[in-house]
Amino acid sequence: MRLDNRGLFLAVAFASLAALIMCAAVKAQATEIIPSVGLTRSVDTDQTASSIGLAIRASAIPSVLDIELKGQYRKQDHFDGQLTEKMWPITASAWLTPLRVVYAGAGVGCYHTTVDYNSPSLLQDETTQKFGVHVGGGVRVPLAPAIAIDLNGRYVWLENQETATIPQEFNPDFWDMSLGLGFRF
């Protein structure tokens with residue numbers, strides 16, 4: 001993978017933000033690990049695909065701001081199965097938490113995407129890394145002092161994805177809803 005100046009800047013900024021999140025998580029009073037399952041829906045298709053994820057969330061400012069680092073995997077077909085998109089996003093989010101049960105915020109992410117061409121052809125599969133932003137929110141429902149159900153939704157904006165087939169470009173933006181079980185330690 002070759003990085004230009006913009007890509008290098010984004011990679012350094014993202015790595016710095018991730019390091020800040022991890023340092024804050026270590027200092028925070030309570031850290032939460034949230035495995036999740038979810039549904040994603042791309043804006044250019046009527047299909048809904050499943051996803052799995054794992055997040056670490058910590059309170060940066062108690063009762064005001066939580067920070068989160070999340071990894072996911074999702075797979076979705078486009079153009080009647082002619083193209084399969086596999087995505088492994090790593091995202092960093094800041095969630096405002098004035099009420100401990102409800103949160104809202106935004107974040108950034110690095111979206112590692114593989115495009116597989118399913119029809120027999122001479123086209124090579126492509127893998128890219130894209131920078132994206134998201135906005136969203138969620139609800140936490142406590143089950144016990146250290147366990148809570150976490151329902152999270154977000155909308156993700158990415159640059160248009162180019163393909164070697166017709167149409168040559170598609171919109172990779174997507175909606176993501178996930179249901180997780182948060183474990184506090």
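# A guided tour of a predicted chain

The mean pLDDT of the chain is 82, and 76% of its residues reach 70 or more; pLDDT is the predictor's confidence in each residue, from 0 to 100. This is a predicted model, in which local features need pLDDT of at least 70 and side-chain atom pairs count only at pLDDT 80 or more, while totals for chains, interfaces and linings use all residues. Residues are numbered from 1 along each chain as its sequence is written, and side-chain values use heavy atoms, with hydrogens and water left out.

**The whole chain**

Begin with the entire chain in a cartoon view. One helix and 10 strands make up its secondary structure. Helices (H or I, at least four residues) and strands (E, at least two) are DSSP runs, numbered from the N terminus. Read from the N terminus, the order of the elements is α-β-β-β-β-β-β-β-β-β-β.

Next, colour the chain by pLDDT. Among the elements, strand β7 (residues 147–157) has the highest mean value, 96, and strand β8 (residues 161–162) has the lowest, 58.

Now display the surface. The chain exposes about 10000 Å², of which carbon and sulfur atoms supply 66%; such areas come from the Shrake-Rupley method with a 1.4 Å probe, and for residues only the protein chains shown count as cover. Of the 185 residues, 42% are buried. Buried means under 20% relative accessible area, exposed means over 50%, and partly exposed lies in between (1.4 Å probe, protein chains only).

Contacts (heavy atoms within 4.5 Å) can also be surveyed along the sequence. Of the contacts with a separation of 6 or more, 56% join residues 24 or more positions apart.

**Strands β3, β4 and β5**

Select β3 (residues 65–78) and β4 (residues 83–99). These two strands pair in the antiparallel sense over 12 bridges; two strands pair if DSSP finds at least two bridges between them. They form a hairpin with four residues between them, and Phe79 in the turn has a positive phi of about 55°.

Just before β3, select Ser63, which lies in the loop between β2 (49–61) and β3. Ser63 is a residue other than glycine with a positive phi, near 60°.

Add β5 (residues 102–117), which pairs with β4 in the antiparallel sense over 15 bridges. The hairpin of β4 and β5 has two residues between the strands. Within β5, select Val115, which counts as buried at 1% relative accessibility. Draw a distance from Val115 to Asp77: their C-alpha atoms are separated by 9.6 Å, although the residues are 38 apart along the chain.

**Arg74 and a charge over a ring**

Return to β3 and select Arg74. Is this residue buried or exposed? Arg74 counts as buried, at 3% relative accessibility. Opposite Arg74 in β4 stands Met87. Leaving aside residues up to four places away in sequence, Arg74 touches Thr40, Ser50, Ser51, Glu85, Lys86, Met87, Pro172 and Phe174.

Show the ring of Phe174: the charged end of Arg74 sits over this ring, 3.9 Å from its centre. A charge sits over a ring if NZ of Lys or CZ of Arg is within 6 Å of the ring centre and within 35 degrees of the ring normal. A further example is Arg57, which lies over the face of Tyr103 at 4.6 Å from the ring centre.

**Aromatic pairs**

Finally, show the aromatic side chains. Rings of Phe, Tyr and Trp (its six-membered ring) pair if their centres lie within 6.5 Å; planes under 30 degrees apart count as stacked, over 60 as edge-to-face and the rest as tilted. How many aromatic pairs are there by this rule? The count comes to five.

Select Tyr73 and Trp88, a tilted pair with 5.5 Å from centre to centre and 45° between the planes. This pair links distant parts of the chain, with Tyr73 in β3 and Trp88 in β4, 15 residues apart. Tyr73 is partly exposed at 28% relative accessibility, and Trp88 is partly exposed at 34%.

Then select Tyr155 and Trp175, whose ring centres are 4.7 Å apart and whose planes are at 70°, so the pair is edge-to-face. Tyr155 lies in β7 and Trp175 in β10 (residues 174–184), so the pair ties together parts that are 20 residues apart in sequence. Tyr155 is buried, with a relative accessible area of 14%. Add Trp157 to complete the view: Tyr155, Trp157 and Trp175 form one aromatic cluster.
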